[in-house]
Amino acid sequence: MSTDMTRLTAAAQRLRELHQPGNPLILVNAWDVASARQVEAAGGLAVATSSAAVAAAWGEQDNNTGREAAFTALRRITRAVGIPVTADIEAGYGLTGGELVAALLDAGAVGCNIEDTDHISGAGLRDAGAQAAYLAKVRAAATAAGVPVVINARIDTIVRHPRRDAQATMQETLRRARLYFEAGADCVYPIGLNDPVLVAELTSALGRPVNVNPSDPLSALAEAGAARVSVGAGAFRFMMAEYERRAKKLLAGDAKAFS
């Protein structure tokens, strides 16, 4: 095995070890080298990218079309930090499982976040069986490559159907989660889930790692069994809003706006 593959394998194993139910991996999602380095300097144990943040930084749309920007940013980030990097690659950018794994490893990433929104038809959620089959191909390709890439399967039931009956949403989330785990996912991510009561219900039913969004206090999510907590594009949006606020102050004559 080459030195690079040995390094990637070790990083992937480390990333997997960090997904501990009850002691969640906290991810402050980055979008470029500067933000990734800040995460590492702050004590982050891994770096996760945010597709929405990367797309916005590159002037692209977060709709499964910004593949070049995503992998260019990813390659630069992995070269700049010494901790494992997991990439938000939306719905896979139309790549086959083999192509996706090859692109991830070439860029130096050892994990990926794959969503089940159907960007092609615009119908909302992709068929769960078809998504599971795709995840299985990603897992098979990673196994063939010899690197245990950490697959975080995003489930968009909450954000795509916000007005659906809560119990029906939970049942569909559980159904998809089980299918995705059977296909080889290491963690599932029902994006938008941050209620500790619901997190506990899900983790208890699944008995596998679950990624959630932050709520206060974070300790409640840990107690509920979360294995991963990520802010998504939240950090980027906060920074851009603050940048705009201070820019307006400077343009209005406040010389200390950035001091």
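What volume does the second largest cavity have? About 30 Å³, and you'll meet that cavity again in the third view. One thing to keep in mind as you go through these close-ups: this is a predicted model.

**View 1. Helix H4 and what covers it.**
Start with helix H4, which runs from residue 67 to residue 80. Let's check its length: at 1.5 Å a residue, the 14 residues of H4 should span 20 Å, and the C-alpha atoms at its ends are indeed 20 Å apart, so the two values agree. Now look for the residues of H4 that are buried: Ala69, Ala70, Phe71, Ala73, Leu74, Ile77, Thr78 and Ala80. And what lies over them? The cover includes helix H2 (33-41) and strand E2 (47-48), along with H3, E3 and H5.

**View 2. The largest cavity, beside H4.**
Stay with H4 for this one. A count of the cavities of 30 Å³ or more comes to 2, and the largest holds about 60 Å³ of space. Its lining is made up of Thr49, Ser50, Ser51, Val54, Ala70, Phe71, Ala73, Leu74, Ala87, Asp88 and Ile89. The elements that give two or more residues to this lining are H3, H4 and E3. Which of them gives the largest share? That's H4, with 4 residues. Sort the lining of the largest cavity by class and you get 7 nonpolar, 3 polar and 1 charged residues.

**View 3. The second largest cavity, with Glu90 in its lining.**
Here's the cavity from the opening question, with its volume of about 30 Å³. Around it you'll find Ser51, Val54, Ala55, Gly66, Ala69, Ala70, Glu90 and Tyr93. H3 and H4 are the elements that give two or more residues to this lining, and the largest share, 3 residues, comes from H3. By class, the lining of the second largest cavity has 5 nonpolar, 2 polar and 1 charged residues.

**View 4. Two loop residues with positive phi, Asn64 and Glu90.**
Zoom in on the backbone now. Asn64 sits in the loop that links helix H3 (51-57) with helix H4 (67-80). Its phi is near 75°, a positive value in a residue other than glycine. Is Asn64 buried or exposed? Its relative accessible area is 15%, so Asn64 counts as buried. Then move on to Glu90, in the loop between strand E3 (85-88) and helix H5 (97-107). Glu90 isn't a glycine, yet its phi is positive too, at about 50°. With a relative accessible area of 2%, Glu90 is buried because that value falls under the 20% cut-off.

**View 5. A cis peptide bond before Pro217.**
Which peptide bond is cis in this view? It's the one from Asp216 to Pro217, with omega near 5°. You'll find Pro217 in the loop between strand E9 (211-212) and helix H10 (218-223).

**View 6. Thr117 and its polar contacts.**
Thr117 belongs to strand E5, residues 117-118. Its relative accessibility is 6%, so Thr117 counts as buried. Which side chains does it reach? A polar contact of 2.4 Å joins the side chain of Thr117 to that of Asp156, and another of 2.9 Å joins the side chains of Thr117 and Arg160. Set aside the neighbours within four places in sequence, and Thr117 is in contact with Ala91, Gly124, Arg126, Asp156 and Arg160.

**View 7. The largest pocket.**
Finish with the largest pocket, which has a volume of about 440 Å³. How many residues line it? There are 28, and Arg154, Tyr189, Ile191, Gly232 and Ala233 lie nearest its centre. Several elements give two or more residues to this lining, among them strand E4 (111-115), strand E7 (150-155), helix H7 (157-160), strand E10 (228-230) and helix H11 (234-251). The largest share of the pocket lining, 3 residues, comes from E3. By class, the lining of the largest pocket has 8 nonpolar, 13 polar and 7 charged residues.

Technical notes: Residues are numbered from 1 along each chain as its sequence is written. This is a predicted model: local features need pLDDT of at least 70, side-chain atom pairs count only at pLDDT 80 or more; totals for chains, interfaces and linings use all residues. Side-chain values use heavy atoms; hydrogens and water are left out. Buried means under 20% relative accessible area, exposed over 50%, partly exposed in between (1.4 Å probe, protein chains only). The expected span of a helix is 1.5 Å times one less than its number of residues. Contact means heavy atoms within 4.5 Å. A polar contact is a pair of N or O atoms within 3.5 Å; within protein, one must be able to donate a hydrogen and the other to accept it, and residues adjacent in sequence count only if both atoms are side-chain atoms. On a 1 Å grid over the protein atoms alone, a cavity is a set of points where a 1.4 Å probe fits but cannot get out, and a pocket is an open set with protein on both sides within 12 Å along at least five of seven lines; lining residues have an atom within 4 Å of a point. Grid points are joined across faces, edges and corners, and a volume is the space filled by probe spheres set on the points. Ala, Val, Leu, Ile, Met, Phe, Trp, Tyr, Cys and Pro count as nonpolar, Asp, Glu, Lys and Arg as charged, and the others, Gly among them, as polar.
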